[in-house]
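Let's take a walk through this protein together. Keep the sequence and the 3D view open, and follow along at your own pace.

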Amino acid sequence: MADLKPDADGFFHAASSAPTQNSDGSIPETKTEVKTGDLTESKNEDAPQSGASALLKSTFEVTVTLADQQADPNSPLYSVQTFEQLGLHEDLLKGIYAMKFQKPSKIQERALPLLLQNPPRNMIGQSQSGTGKTAAFVLAMLSRVDYTKEAVQALCIAPSRELARQIMQVITTMAAYTKVTTGYAIKDAVAKGASLKQHIIVGTPGTLTDLIRRRSIDTAHVKIFVVDEADNMLDQQGLGDQTLRVKNSVPRDCQIVLFSATFPDYVRNFANKFAPAANEIRLKTEELSVEGIKQFYMDCKNEVHKYEVLVELYSLLTIGQSIIFCKKKETADVIAQRMIDQGHQVSLLHGSKDPVERDRVIDEFRDGKSKVLITTNVVARGIDIPQVNMVVNYDMPLTVDNRPDPETYLHRIGRTGRFGRRGISINFVHDRRSWAEMQEIEQKLGKAIVRVKTDDFDEMEKTLKQELKA
Ligand SMILES: Nc1ncnc2c1ncn2[C@@H]1O[C@H](COP(=O)(O)OP(=O)(O)OP(=O)(O)O)[C@@H](O)[C@H]1O
């Protein structure tokens with residue numbers, strides 16, 4: 001467990017006085033609509049007004065000038081200000097330098113002043129995949145904690161243990177110069193009867209609700225509750241009930257922070273109730289796709305041919321790292337086993353694996369020890385492995401009622417093209433149905449998905465390498 005050592009003499013915290021409330025208990029709104037580049041932002045009048053370069057080396061020996069993207073007002077990585085101008089404590093700035101971040105991204109620049117204002121206001125923040133939402137909410141949590149108090153003061157939940165562990169990694173790196181203490185609320189991380197008193201608890205909704213119910217976590221002093229991948233976490237067909245239970249356990253004046261790359265309309269209404277009177281940063285549908293991710297499809301003849309094409313793709317899949325998404329665990333099991341039997345090295349991860357195995361597999365993949373990960377939607381969201389330059393949708397993503405799922409599609413393909421890098425996604429279609437599913441997604445997102453031939457592997461290799469090099 002990534003846990004920093006507690007220390008007695010904590011310091012720096014953002015005062016968290018309760019927001020002034022309306023007679024109905026809601027928090028009054030003072031919003032201004034501001035259109036900034038590709039973000040439509042609603043913000044408070046008192047947010048500060050709004051300046052470095054870095055080179056990112058991609059795994060494909062391509063040097064991408066991040067500085068160029070961060071200087072382009074139309075890029076989601078653009079910012080006017082420096083981190084130093086965002087009102088962060090100097091110990092957090094040291095953490096940011098340790099992460100080698102030079103300049104904030106648009107979401108970081110916009111969201112941080114809103115997240116840190118006093119009295120605290122709720123926040124609903126949307127920004128494309130891989131644009132740095134995690135750092136925004138992690139810095140907010142670290143700024144709100146009073147390190148002199150031994151009490152749980154910040155909660156953060158995410159849909160998978162892999163993502164919760166990743167968020168914890170960001171917290172511990174960013175907080176390396178602070179006295180913060182952290183604890184996990186994920187399966188098998190807490191001994192029965194133990195109580196968690198660390199400043200920041202990160203977990204998954206099921207385990208966190210359990211720990212709260214068993215009084216292993218006292219939520220009376222929680223000042224900030226962050227819900228990552230919020231549209232997924234609030235969806236009543238998914239994790240909504242548990243997320244709501246956590247919310248009902250925190251103090252009324254607790255700052256609620258919702259972040260995601262996607263907020264479909266049917267969740268947005270609920271999000272507005274869940275986080276009333278929130279400052280909002282939104283994207284339009286046409287802004288959702290990440291420019292650096294080139295989208296392709298391959299027209300396969302049938303299921304058998306799909307597998308053959310995947311095997312043929314193997315040499316390309318291993319140029320960098322790749323993630324192959326399947327609809328069902330069973331499919332993932334079968335294709336992983338077949339590939340292993342044929343001498344290919346692949347890793348397999350899904351929800352039926354035990355926690356120890358899940359941790360081992362994702363850590364191996366993260367460390368680059370394995371190059372191809374076959375999985376299900378369990379890692380569709382949030383997982384940040386910069387070397388991933390290809391995503392394959394072996395099966396198109398579908399909702400629980402078997403409808404094409406553009407949000408999950410965006411999250412899946414967003415495992416590549418992280419923070420200005422290039423990436424490619426390939427959809428396998430093999431029948432009328434999968435074709436229609438892909439077309440519906442293409443139409444909804446308004447971004448062309450280009451055909452690559454399946455019968456000419458040299459041509460396919462050329463096309464794909466060209467894209468990665470471009
Ligand atoms: N200001 C910055 N400068 C350079 N790199 C950054 C900066 N902010 C974040 N990053 C890096 O960008 C990558 C993506 O960040 P992050 O995982 O927070 O994206 P995200 O917006 O949460 O994506 P998703 O929607 O997929 O969850 C990470 O590797 C992170 O370390």
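**A guided walk through the fold**

Before we start, please remember that this is a predicted model. Begin at helix 13, residues 406-413, which lies across strand 12, strand 13 (321-325), strand 16 (388-393) and strand 17. Compare directions here: helix 13 runs at about 150 degrees to strand 16. Helix 14, residues 432-445, also packs on the sheet, where it touches strand 12 and strand 17. The direction of helix 14 makes about 145 degrees with that of strand 17.

Now look at the sheet itself. It is open and has seven strands with parallel pairing, in the order 14-15-13-16-17-12-18. Which strands sit at the edges? They are strand 14 (347-349) and strand 18 (450-452), each of which pairs on one side only. On average, neighbouring strands of the sheet are turned by 25 degrees against each other, direction ignored. In general, strands of a sheet pair through backbone hydrogen bonds, either parallel or antiparallel. For a close look at one pair, find strand 12 (residues 293-299) and strand 17 (residues 423-429), which run parallel and are joined by seven bridges. Within this pair, Phe296 has Ile426 of strand 17 as its bridge partner.

A record helps us place this region: an unreviewed UniProt entry puts the feature "domain: Helicase C-terminal" at residues 292-465. Over residues 292-465, the chain is 41% helix and 20% strand, and the end C-alpha atoms are 14 Å apart.

Next, let's go inside. The largest nonpolar core has 58 residues, and among those with the most contacts inside it are Leu88, Phe137, Met141 and Ile200. Which helix gives this core its largest share? Helix 4, residues 133-144, does, with eight residues. The core draws at least three residues from each of domain 1 (4-284) and domain 2 (293-469). Take Leu88 as an example: leaving aside its neighbours within four places in sequence, Leu88 is in contact with residues including Phe83, Leu112, Leu139 and Ser143. A second, separate core has 31 residues, including Tyr314, Ile324, Phe428 and Leu468.

Our last stop is helix 2, residues 90-98, where Asp91, Leu92, Leu93, Gly95 and Ile96 are buried. What covers these buried residues of helix 2? The cover includes helix 4 and helix 5 (161-174). Leu93 and Ile96, both buried in helix 2, are also among the contacts of Leu88. After helix 2 comes Lys100, with a positive phi near 65 degrees.

Note on methods:
Residues are numbered from 1 along each chain as its sequence is written. This is a predicted model: local features need pLDDT of at least 70, side-chain atom pairs count only at pLDDT 80 or more; totals for chains, interfaces and linings use all residues. Side-chain values use heavy atoms; hydrogens and water are left out. Two strands pair if DSSP finds at least two bridges between them. Helices (H or I, at least four residues) and strands (E, at least two) are DSSP runs, numbered from the N terminus. Axes are lines fitted to C-alpha atoms, for helices over the stretch in contact, and angles run from 0 to 180 degrees between N-to-C directions. Contact means heavy atoms within 4.5 Å. A nonpolar core is a set of buried Ala, Val, Leu, Ile, Met, Phe, Trp, Tyr and Cys residues joined through side-chain atoms within 4.5 Å. Buried means under 20% relative accessible area, exposed over 50%, partly exposed in between (1.4 Å probe, protein chains only). Domain bounds come from an automatic or database domain assignment. UniProt positions are given in the numbering used here, feature names are shortened, and annotations may be inferred rather than shown by experiment.
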